[in-house]
Amino acid sequence: MHRPWPLYGQQKTLMLINILCCSAFSTQAYSADEEWKFTLKNAYIDRNYDNPDVKDTGSWSQSVSLFYNSNMHDTPLEIGGTPIQIGANASAQYAVRLSQDKHVADTVLPFDKATQSQAPDYLKYGATLKLGYNKTLLSIGELWLDLPVTTVDASRQLLTSYWGANLKSQLNDKLFAEIGRIEKVSPRNEEDFHRFSFTSKGVTGYSDGLNYLDLRYQFTPTLKGEYYFGNMEDLYNKHYVGVDHIWKYSNFSVNSKFKYFNAKDNGNLFDIDAQNVGLLETVKVKNHSFGVGYQQIIGESAYPLPDGFLPETYFINWNTTGFFKQDEKSYHFIYGYDFKDHVPGLNTTFKYVYGDHFKTADGLKNKESEANVIVNYALQQPFLKGLALQYIFINYDVKHGNDFSENRFFVNYSKKF
């Protein structure tokens with residue numbers, strides 16, 4: 001289970017957790033507050049296929065994790081009278097399987113294809129060196145990112161992290177910039193960091209790193225935009241443009257999101273040419289929220305996602321099955337209710353997505369749908385502070401393919417000190 005310390009390089013799903021470094025949405029480059037965060041997570045996940053010839057997947061596991069975010073300390077080095085600061089982050093995540101081995105990959109626990117067995121436990125750890133100056137922060141080592149391609153996936157057990165280096169800077173009151181090079185990824189169901197890869201039609205290609213630029217601009221207090229460019233060496237390039245507007249009046253608000261992705265081949269192995277256009281309108285009235293969205297894949301291929309179960313939570317409404325097949329059009333309907341006036345800490349979300357206009361590998365016209373029920377409850381009693389429950393039900397139907405239903409139940413505990 002133990003692995004050598006990595007020596008290489010400078011290094012929403014359903015929820016995104018920015019644990020160590022400040023979020024790229026932050027109004028400053030970094031936080032100076034020292035923090036330890038201790039978490040426990042009990043995860044039960046069970047997927048049942050309607051087809052008796054397809055093995056059901058899932059597991060029951062328990063994790064314990066510790067995250068550290070240091071203060072930034074002044075060094076003797078100064079630029080223009082302002083000291084350069086230094087700090088460090090660290091993480092250790094460990095999970096043990098409580099259920100019997102189903103001898104099938106479940107995207108939660110590491111799986112050995114040679115022995116066809118799930119790992120009894122696994123360990124992930126890393127560290128980050130931080131150098132700060134004014135409103136600029138350089139991080140080298142393990143990174144926790146909320147960006148296209150690279151997001152923190154908290155939808156299963158242990159969290160995805162990345163290894164590389166990035167530079168964040170608050171250029172002015174409205175413009176935030178981030179550049180970085182990510183050389184390795186440690187997916188949610190693996191221990192070690194390894195190169196990015198992409199597989200299509202049985203062919204797998206590898207990348208030596210992801211180089212990216214992310215710009216976020218606050219046009220007005222209610223309107224913000226984002227542009228992202230990512231070059232995954234030897235695989236493909238990705239452009240992303242997003243616009244987010246919110247209008248509020250009393251207990252009523254309308255949130256409009258437009259998202260555009262463009263991915264094209266940057267190597268010789270694949271024929272990638274895909275665009276993803278999405279629009280989501282969300283209306284909130286007191287404790288109710290209603291959302292309607294549309295997403296369309298345009299181009300000569302399906303929209304590419306890296307191997308390793310890396311979700312693209314930047315899609316207008318990321319679902320278990322993604323809805324990113326070639327030529328697919330999907331329609332999203334969401335309803336949420338916050339029970340804060342009746343049962344504080346309880347909220348529910350109902351989601352339904354229907355997709356069509358795509359084909360199977362052998363040319364048959366296909367369609368699919370997914371329905372989700374999500375229930376979250378954060379216990380309010382003072383002595384139970386930090387304890388939260390989550391239940392997710394997923395039902396997936398496809399005309400040509402394998403239908404399934406899935407239950408996920410999480411018991412989470414978090415304490416900062």
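Reader: Is R47 buried or exposed in this model?

Author: The model is predicted. R47 is buried, with a relative accessible area of 16%. The cut-off for buried is under 20%, so R47 falls inside it.

Reader: Which side chain does R47 meet in a salt bridge?

Author: Start with the general idea. Side chains of opposite charge can pair when their charged atoms come close. Here R47 and E406 meet in a salt bridge, at 2.5 Å from N to O. The two residues are 359 apart in sequence. R47 sits in strand 1 (residues 35-49), and E406 in strand 23 (residues 404-416). E406 also counts as buried, at 2% relative accessibility.

Reader: What other salt bridge does E406 form?

Author: E406 also pairs with R408. The closest N and O atoms are 2.6 Å apart. R408 is buried too, at 3% relative accessible area. Shared partners join R47, E406 and R408 into one network.

Reader: How many salt bridges does the structure hold?

Author: The structure holds 12. Another one joins D208 and R195, with the closest N and O atoms 3.1 Å apart. D208 lies in the loop between strand 12 (203-207) and strand 13, and R195 in the loop between strand 10 and strand 11. Their separation in sequence is 13 residues.

Reader: Are D208 and R195 buried or partly exposed?

Author: D208 is partly exposed, at 41% relative accessible area. R195 is partly exposed as well, at 34%.

Reader: Now a charged residue with no such partner. How far from K130 is the nearest side chain of opposite charge?

Author: That side chain is E34, 8.8 Å away. A salt bridge needs N and O within 4 Å, so E34 does not qualify. K130 is buried yet has no salt bridge.

Reader: Which side chain joins K130 in a polar contact?

Author: N69 does, at 2.7 Å. Beyond its sequence neighbours, K130 also touches other residues, including M72, Q85, N89 and L137. K130 itself lies in strand 7 (residues 121-133).

Reader: Which way does strand 7 pair with strand 4, and over how many bridges?

Author: The sense is antiparallel, over 12 bridges. As one example of register, N89 stands opposite T128 in strand 7.

Reader: What other strands pair with strand 4?

Author: Strand 2 (residues 57-69) is one of them, antiparallel to strand 4 (residues 82-97) over 9 bridges. In that pairing, S63 has A95 as its bridge partner in strand 4. Strand 3 (residues 73-79) is another, antiparallel over 4 bridges. E78 stands opposite P83 there.

Reader: Which residue takes a positive phi in the hairpin of strand 3 and strand 4?

Author: G80, near 60 degrees. The hairpin has 2 residues between the strands.

Reader: Where does L98 lie?

Author: L98 is in the loop between strand 4 and strand 5 (111-112). Its relative accessible area is 40%, so L98 is partly exposed. Outside its sequence neighbourhood, L98 is in contact with N42, W60, S61 and Q62. N42 is 56 residues from L98 in sequence, yet the C-alpha atoms are 9.6 Å apart.

Reader: Turn to nonpolar packing. Which residues touch the most other members of the largest nonpolar core?

Author: I182, F196 and Y303, in a core of 28 residues. Elements that give two or more residues include strand 10 (175-186), strand 14 (223-232) and strand 16 (252-265). Y303 is in contact with F261, I297, F315 and F324, among others.

Reader: How many residues make up the second, separate core?

Author: That core has 14 residues, among them A95, L109, Y396 and F404. A95 is also the strand 4 bridge partner of S63.

Key
Residues are numbered from 1 along each chain as its sequence is written. This is a predicted model: local features need pLDDT of at least 70, side-chain atom pairs count only at pLDDT 80 or more; totals for chains, interfaces and linings use all residues. Side-chain values use heavy atoms; hydrogens and water are left out. Buried means under 20% relative accessible area, exposed over 50%, partly exposed in between (1.4 Å probe, protein chains only). Lys and Arg count as positive and Asp and Glu as negative; His and the chain ends are not counted. A polar contact is a pair of N or O atoms within 3.5 Å; within protein, one must be able to donate a hydrogen and the other to accept it, and residues adjacent in sequence count only if both atoms are side-chain atoms. Contact means heavy atoms within 4.5 Å. A nonpolar core is a set of buried Ala, Val, Leu, Ile, Met, Phe, Trp, Tyr and Cys residues joined through side-chain atoms within 4.5 Å. Two strands pair if DSSP finds at least two bridges between them. Lists of a residue's contacts leave out its neighbours within four places in sequence.
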